[in-house]
Amino acid sequence: MTDAISAGKADIPESFLVELASAFELGEVRERRYLADGLMNANWKVDTPAGAFALKRVTDVSLDRLGRNLGVLASLAADGLPVTAPVATASGSLVAEVGGGAWCLFPWADGAHVRGVDLTPGQAADLGVHLGRLHEGLGRACAQGLLPMVPEEMTADVPSPERAVEKSERLSGAVQEKGAGSAFDVAVTAALEQRRELIVKHADRRPKDTVPAGGHGWTHGDVQYRNLLWEGGELIAVLDWDRVGVRPYAEEVVRTAQVQFGVDGVLDLAHVSAFVRGYRSVVPLEVEALADGVRRLWWKRMTDYWQLEFHYDRGDHSFQELFIADEALLHWWTDRLGQVEDAFTEG
């Protein structure tokens, strides 16, 4: 991360803080602490006469969409799901517009972010159960009119090998033009060359249909350990609801498992299987849909370079380590395509 971007993410001008405290009727902010766990958005713990809260500055999401998503949380919490409803401003809005940014506030929840591989198999299964119940809860919120109706059909982009290679070549040029010759730049240059070879070699294994298999509906969009709080072995809070959207259920199941249980370049398949069994005990997702979801996510990882686009196009170096880890996992996964699909579809 560049110094300017790092400072921008972690800092709140005092005038913004005063205005936010007034908007949410908090009184004087006695202390604030930047929370470095997030990737896209910025978060702080603030202590005030009204209590302790999590303050969040949201980026890359429209105000209308953010307000809509936050409006669902009270319904989910009333359903008994591990969700914290946001605090409204004095005017009744769930989003405060201050300093050209969008801000939301939540009561502080104690708990720890636990990497997926540090969960027990039983906790991994419990996480699957929670995800299934969240999908059911979002479906009920939709039926109540809190979310738009789900379209009968949906399609998914399947990038062509040619488009993926072209994008990688553009990024190779960006490394030469904007890179500083760092160890990361050298690693990226080699990784992009290897990625082009993989894409050509495995092009015939990509998904052939633009219509995903299985059901679809409203989903969280980013269930991963940074957005989960655990306490006493129990999941107590699912955080960060700004990316709620309609997706294939298999897409969210597979992505969640990959992000949770893909660590140090290896996917823990025993935890994956436990997690999927937990989910399917709530939502009877078809084996065919899971297999389709696995293959689609693998090809998406094969043809996507979002961390490098942030790095070289936006000057945001926050995701260097994530790119290196994801690249190692992609190679491991590609060598074991059938084995990974079996882990998601067994039982």
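User: How should relative accessibility be read for W306: is W306 buried, partly exposed or exposed?

Analyst: The classes rest on relative accessible area: buried is under 20%, exposed is over 50%, and partly exposed lies in between (1.4 Å probe, protein chains only). W306 has 23% relative accessibility and therefore counts as partly exposed. F319 has a relative accessible area of 2% and is thus buried. This is a predicted model, in which local features need pLDDT of at least 70 and side-chain atom pairs count only at pLDDT 80 or more, while totals for chains, interfaces and linings use all residues. Residues are numbered from 1 along each chain as its sequence is written, and side-chain values use heavy atoms, with hydrogens and water left out.

User: How is an aromatic pair described, and how many are counted here?

Analyst: A pair of aromatic rings is described by the distance of the centres and the angle of the planes. Rings of Phe, Tyr and Trp (its six-membered ring) pair if their centres lie within 6.5 Å; planes under 30 degrees apart are stacked, over 60 edge-to-face, and the rest tilted. The count for this model is eight aromatic pairs. One of them joins W306 and F319 in an edge-to-face arrangement, with 4.9 Å centre to centre and 65° between the planes. This pair links distant parts of the chain, 13 residues apart: W306 belongs to helix α11 (residues 306-313), and F319 to the loop between α11 and α12. Helices are DSSP runs (H or I, at least four residues) numbered from the N terminus.

User: Which residues form one aromatic cluster?

Analyst: Y34, W44 and W103 do so.

User: How is the packing of α7 and α12 to be read?

Analyst: Axes are lines fitted to C-alpha atoms over the stretch in contact, with angles from 0 to 180 degrees between N-to-C directions. Helix α7 (residues 183-201) and helix α12 (residues 320-334) have axes that come within 11 Å and cross at roughly 30°. The two are therefore roughly parallel (under 35 degrees; over 145 is roughly antiparallel, 65 to 115 roughly perpendicular, the rest oblique). Across the contact (heavy atoms within 4.5 Å), residues of α7 including F184, V188 and L198 meet residues of α12, among them F323, I324 and L330. By class, this contact has eight nonpolar, four polar and two charged residues.

User: At what angle do α10 and α13 cross?

Analyst: The axes of helix α10 (residues 287-303) and helix α13 (residues 337-345) come within 9 Å and cross at roughly 140°. Hence α10 is oblique to α13. The contact includes L290, V294 and W298 of α10, and V340 and F344 of α13.

Methods:
Nonpolar A, V, L, I, M, F, W, Y, C, P; charged D, E, K, R; others polar.
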